[in-house]
Amino acid sequence: MIFDNEIEEKQVRNEYRALLRACSEIVNSEGKKEIRKAFNFALNAHKDVRRKSGELYIFHPLRVAIIVSKEVGLGRTSIICSLLHDVVEDTEISLEEIEEIFGKKVAKIIDGLTKIQGFIGHTRSMQAENFRRIILTLSEDLRVILIKISDRLHNMRTLDSLQKKKQLKIASETLELFAPLAHRLGLFNIKSELQDLSLKYTEPVIYQDIDLQLKARKKQMSKYTDIFTKPIKESLKKNNLKFEIKARYKSIFSIYKKMQFKGISFEDIHDFFAIRIILFDTNKVEEKTDCWKVYSIVTDFYKPNSDRLRDWISTPKVNGYEALHTTVMGPKGNWVEVQIRTERMNNIAEKGLAIHWKYKNNDSSDSSLDEWIKQVGETIQENDSSAIEFLNEFQSNLFAHEVYAFTPKGELFVMPENSTTLDFAFRIHTEIGINYLGAKINHKLVPNNYKIKNGDQIEIITSKKQKPTVEWLSHVVTAKAKSKIKKSLKKQKEIKAKEGKTILYKKLKLKKIDPSKIEIDFLTNYFQLDSDIEFYYSIGNKTINITDINNAIKVLKAADIKNTKKQFRKAKEKADKIIIGSETSGYIFSKCCNPIPGDDIFAYQLIGNKPEIHRTNCHVGIRLMSNFGNRIIEASWSKKEPLETDFFSVGLNFQGFDNSGLISELVNIISNQLKINMRSISAKTKEGAFSGSVIVDVFDTSHLETLIKNIMKVEGIEYVKRFHVD
């Protein structure tokens, strides 16, 4: 390859040397020769190709390979595949050529990576199907998904060069899918960075504000850490323990989520960091004892909160995480979280899966992480629901915490948090779930929606006569249980629909009516049902009785069906045309976030309806941008002056300390000073604390910000936050 200049050539060579340094401890000299061959192959394949940023394309596979080696901990084969991961997709080189030069193993991984390329910019169903493929690789070859996550991390690190629309799309998708997946696979550092980078593009102002405030606090937190750890360090040394103590700062995204969830400001957050104690040269047999010894030392100096003790050494998390967590009262009355782990545990926490298998003994039983991956494979193979349903169900379990429950014989099962006894039944075996009649917890009968608690001993009661009902779906949270219940309901529905179809056709035959598609569609629409299957099923389960059918047939005979059909088709073909921005008609506002002028917005094209306007930071909007890229339209507000009637209703929650005359002062600011129409106001006080809400009509965000600033000036008001109004 001929470089444009010597600087570029030098940069590429330096990047390649950085890769060799990153893998120096895990790849031998023979492996480095293979990596060199893959590098030269990729360099030639991507020659003359540049990224949107203008830099040579080869930098991307090189940096993905460095992430794979340095941050994930994978070896030679994965590094080679990282260097080649875009070759088959983006160049004329075939998979057969890859196999001939680098072998079957590399070709298989490249094939897996190629199949899940193009994850961005497809329809919802295609995206969901691609995600199903991604998850399927968990049970086929884990390296595919680990390289894919590394690829996404580098793309997020270089997102600045893309247009805002694409930034929002990729960032939303990352937040929805890749960050939770990294979390579940134990890649905690990568998960946190993906979340932070996603927030940087979905909420840039909030991200920058938290980042600046966090940086300002770090010096102060560093001094506190030194004071807190000083006596602990001295005691650890006296006990001849080799250790390292670090301060782990809370990520920007986790601070943002806490502010959102608790409705508090940055100043109200106090747990900005945790103390991490890592033990070295600890024999695996003695790890547990040594960690508890450190716990004893820490609690000699600081009083622990017994409710905040977490023992993930005795029972590791599903993703392989092991550590001992405690929260203690530190100097100046501050609660401080302390995480205690060995070097082995720390490596697993830092690099997840790759290190997990490095440490695993061949003769050891399956870990909870292995078991989870096994379940993933089973769920995908057995799941016959749509790809979209699978995606939604799987997403709901990615970030779930775990609970531990036992069978009457003492067998341990790890379940997602909020799992019910019905979930537990399906976890044991599908037939037990299908024939579930009830359950006993610690020998006492409990309702079907009982949420399992740690340590519960669960006895499942079954009956061959029992079959799943629709209500069961509201009693389960796991993908496996939902899939099996839906499969059973679908089978039951098919049987009933077949019975209903037979009844209908006999009735139409008696009335001398030919049951063509036009007639069936007419009758389906008459009963306001979505499909003919629903129509047949309603007859089969007697929701629609014989009298109902007779009445419908009378209407059918009197109707001009062919003309009705034509009009219906014309109405469907008529599409609403819209130009978002300069026009103020041709779209509808979403009810989930109620955007007002000044908000960052986008339009989502509804099927058979006008585009729907969402705020870009709306929780529904983020999901839409992530899953329906092809139906997202750029939108902006009209620059023309608002009319006196162009008002938008907005709600504000406020909190503070009770102060006499506070409500009258708020009303005076809103109605008299700012002349803002107030639709409603409510407030309550409790033990000196004051909280309330108001719904007002404003022109735009500027108008709203003026109002918020004025309310914040009222003595006693500590917090004001916007909420949407239905």
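# Exercises on helix packing, burial and sheets

In this structure, Asn346 touches Arg276, Ile278 and Arg341, leaving out residues up to four places away in sequence. The coordinates come from a predicted model.

**Exercise 1. Place Asn346 in its secondary structure element and decide whether Asn346 is buried or exposed.**

Step 1. Asn346 belongs to helix 15, which spans residues 343-351.
Step 2. The relative accessibility of Asn346 is 8%. Buried means under 20%.
Step 3. Asn346 therefore counts as buried.

**Exercise 2. Describe how the axes of helix 6 and helix 7 are arranged, and list the residues that meet.**

Step 1. Helix 6 covers residues 95-102 and helix 7 covers residues 104-115. Their axes come within 7 Å and cross at roughly 150 degrees.
Step 2. Angles over 145 degrees count as roughly antiparallel. Helix 6 and helix 7 are therefore roughly antiparallel to each other.
Step 3. The crossing of helix 6 and helix 7 is right-handed.
Step 4. On the side of helix 6, the residues in contact are Leu95, Ile98, Glu99 and Phe102. Helix 7 meets them with Lys104, Val106, Ala107, Ile110 and Asp111.
Step 5. Sorted by class, this contact of helix 6 with helix 7 has 6 nonpolar and 3 charged residues, with no polar ones.

**Exercise 3. Locate Leu74, classify its burial, and give its C-alpha separation from Cys23.**

Step 1. Leu74 sits in the loop that connects helix 3 (59-71) and helix 4 (76-84).
Step 2. With 8% relative accessibility, Leu74 counts as buried.
Step 3. Leu74 and Cys23 are 51 residues apart along the chain, and their C-alpha atoms are separated by 8.6 Å.

**Exercise 4. Find the strand that holds Thr326, and state which residues Thr326 is in contact with beyond its neighbours within four places in sequence.**

Step 1. Thr326 is part of strand 4, residues 324-329.
Step 2. At 1% relative accessibility, Thr326 counts as buried.
Step 3. With its neighbours within four places in sequence set aside, Thr326 is in contact with Tyr295, Pro304, Arg308, Leu309, Val336, Glu337 and Val338.

**Exercise 5. Work out the order and pairing of the sheet that contains strand 8, strand 9 and strand 10, and say how helix 19 lies relative to these strands.**

Step 1. The sheet is open and has 3 strands in the order 9-8-10, with antiparallel pairing.
Step 2. Strand 9 (444-446) and strand 10 (458-462) are the edge strands, each pairing on one side only.
Step 3. Direction ignored, neighbouring strands of this sheet are turned by 35 degrees against each other on average.
Step 4. Strand 8, residues 436-441, pairs with strand 9 over 3 bridges in the antiparallel sense. Ala439 stands opposite Val446 in strand 9.
Step 5. Helix 19 (residues 421-428) lies across strand 8, strand 9 and strand 10. Helix 19 runs at about 80 degrees to strand 10.

**Exercise 6. For the sheet of 4 strands, give the strand order and explain why strand 11 and strand 14 each have one side without a neighbour.**

Step 1. The strand order in this open sheet is 11-13-12-14, and the pairing is mixed.
Step 2. Strand 11 (588-589) and strand 14 (632-634) stand at the edges with a single partner strand each, so one side of each has no neighbour in the sheet.
Step 3. The partnership of strand 12 (residues 601-605) with strand 14 is antiparallel and has 3 bridges. Ala603 stands opposite Ile633 in strand 14.

Definitions and conventions
Residues numbered from 1 in each chain as written. Predicted model: local features only at pLDDT ≥ 70, side-chain atom pairs only at ≥ 80, totals over all residues. Heavy atoms only, no water. Axes fitted to C-alpha atoms, helices over the stretch in contact; angles between N-to-C directions. Helix = DSSP H or I, 4+ residues; strand = E, 2+ residues; numbered from the N terminus. Parallel < 35°, antiparallel > 145°, perpendicular 65-115°, else oblique. Left-handed = near helix turned anticlockwise from the far one by under 90°. Contact = heavy atoms within 4.5 Å. Nonpolar A, V, L, I, M, F, W, Y, C, P; charged D, E, K, R; others polar. Buried < 20%, exposed > 50% of the residue type's maximum accessible area, 1.4 Å probe, protein only. Pairing = 2+ DSSP bridges.
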